[in-house]
Amino acid sequence: MSQAGYPSMKSMSIQVSGATSEAGVVAFLQPRHCAALTDSAFKDIGIHRDGANVWIVLGAPFLAPAVQDAPHVARKVLELVNQARATARSCGTTSLVVALPLKANPLLTKAAQLHANDMAEGSHFSHTGRDGSAPSARVTRVGYAWQMTSENIAAGAGSAEETVAGWLNSPPHCANIMEARYTEHGVAFAINEKSKGRIYWAQVFGRPF
């Protein structure tokens, strides 16, 4: 699929042999590949037939926000995060209470952007930077004086909604979002279609002195 120029986040290939009609192909597929054929992630299909052999390729295209839309995307993430903080929830086995809304901070946004860029450029998905830095060190570098700080990261999610939903479904990321002592955050994404994750997200939380 890469050679064909199709930017796929998920794909599946199915080969049907001995099919003499379209009805025969369908009869083969239904009991064996129902889950794949009804997977909502797949948006596109390619089909090739050569005699009694049929090849089917399902693709979930790589979709990502435009770089110029980054401010709008950041506002949407903040909106979704504050909606989450407005409702008590369980993060894994930990029950967390309602928290006050966060505010965007430009220094935390800068720290998030630098780490998202670093992950995208190096196809490197980790809280540890390629230079060995920890999240707290990166926050200090940008000049943010913090009492406490932490970081959420994600890769492959193509929207603010998908990214926040993934964090809320992960107990440690969810706990960061619901931590009532945090008052500010910054969030950013970076895209490198040649990297493994293609799009990388970083969200940095802080409570200043």
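Me: How many helices and strands does the secondary structure of the protein chain come to?

Reply: In this predicted model, the secondary structure of the protein chain amounts to six helices and nine strands. The radius of gyration is 21 Å, well over the 17 Å that the globule rule gives for 209 residues, so the chain is more spread out than a compact globule.

Me: What does the C-alpha trace of the protein chain span along its principal axes, and what percentage of the residues count as buried?

Reply: The C-alpha trace spans about 75 × 35 × 30 Å along the principal axes, and 39% of the 209 residues count as buried. The surface that the protein chain exposes comes to about 11,200 Å², with carbon and sulfur atoms supplying 56% of it. As for contacts between residues at least 6 apart in sequence, 68% of them join residues at least 24 apart.

Me: How should I read the packing of two helices, and at what angle do the axes of α2 and α5 cross?

Reply: The general idea is that two packed helices are described by the angle between their axes and the distance between the axes. In this structure the pair to consider is helix α2, residues 70-85, and helix α5, residues 160-168, whose axes come within 9 Å and cross at roughly 35 degrees. The crossing in which α2 passes α5 is right-handed.

Me: Which residues in α2 meet which residues in α5?

Reply: From α2 the contact takes in V73, K76, V77, L80, V81 and A84, and these meet A160, E161, V164, W167 and L168 in α5. Sorted by character, the residues of this contact divide into nine nonpolar, no polar and two charged.

Me: How do I read a positive phi, and where is S123 placed?

Reply: The general idea is that most residues other than glycine have a negative phi. S123 is not a glycine, yet its phi is positive, at about 50 degrees. S123 lies in the loop between α3 (106-122) and α4 (135-141), and its relative accessibility of 36% makes it count as partly exposed.

Me: What is the phi of R198, and is R198 buried or exposed?

Reply: R198, likewise a residue other than glycine, has a positive phi near 65 degrees. R198 sits in the loop between β8 (184-191) and β9 (199-208), and it counts as buried because its relative accessibility is 13%, the cut-off for buried being under 20%.

Me: Which residues does M9 touch, not counting residues up to four places away in sequence?

Reply: M9 belongs to strand β1 and touches A60, P61, F62, G156, G197 and R198, once residues up to four places away in sequence are not counted. R198 is thus one of the contacts of M9, and M9 itself counts as partly exposed, with 34% relative accessibility. By contrast with these contacts, the C-alpha atoms of M9 and L78, which are 69 residues apart along the chain, are separated by 25 Å.

Me: Is I14, in strand β1, buried or exposed?

Reply: I14, found in strand β1 (residues 8-17), is buried, its relative accessible area being 2%. Residues up to four places away in sequence being left out of the count, I14 touches L29, H33, V54, W55 and I56. The C-alpha atoms of I14 and A155, 141 residues apart along the chain, are separated by 27 Å.

Me: Returning to the loop between α3 and α4, what is H124 in contact with, leaving aside its neighbours within four places in sequence?

Reply: H124 is placed in that loop between α3 and α4, and, leaving aside its neighbours within four places in sequence, it is in contact with D118, M119, G129, R130 and Y200. The relative accessible area of H124 is 24%, so it is partly exposed. The C-alpha atoms of H124 and V97 are separated by 34 Å, these two residues being 27 residues apart along the chain.

Me: Where is L114 placed, and what separates the C-alpha atoms of L114 and G129?

Reply: L114 is in helix α3 and is partly exposed, with a relative accessible area of 47%. The C-alpha atoms of L114 and G129 are separated by 9.6 Å, and the two residues are 15 residues apart along the chain. G129 also appears among the contacts of H124.

Note on methods
Residues numbered from 1 in each chain as written. Predicted model: local features only at pLDDT ≥ 70, side-chain atom pairs only at ≥ 80, totals over all residues. Heavy atoms only, no water. Axes fitted to C-alpha atoms, helices over the stretch in contact; angles between N-to-C directions. Helix = DSSP H or I, 4+ residues; strand = E, 2+ residues; numbered from the N terminus. Left-handed = near helix turned anticlockwise from the far one by under 90°. Contact = heavy atoms within 4.5 Å. Nonpolar A, V, L, I, M, F, W, Y, C, P; charged D, E, K, R; others polar. Rg over C-alpha atoms; globule rule 2.2 N^0.38 Å. Buried < 20%, exposed > 50% of the residue type's maximum accessible area, 1.4 Å probe, protein only. Areas by Shrake-Rupley, 256 points an atom, 1.4 Å probe, with all protein chains shown as cover.
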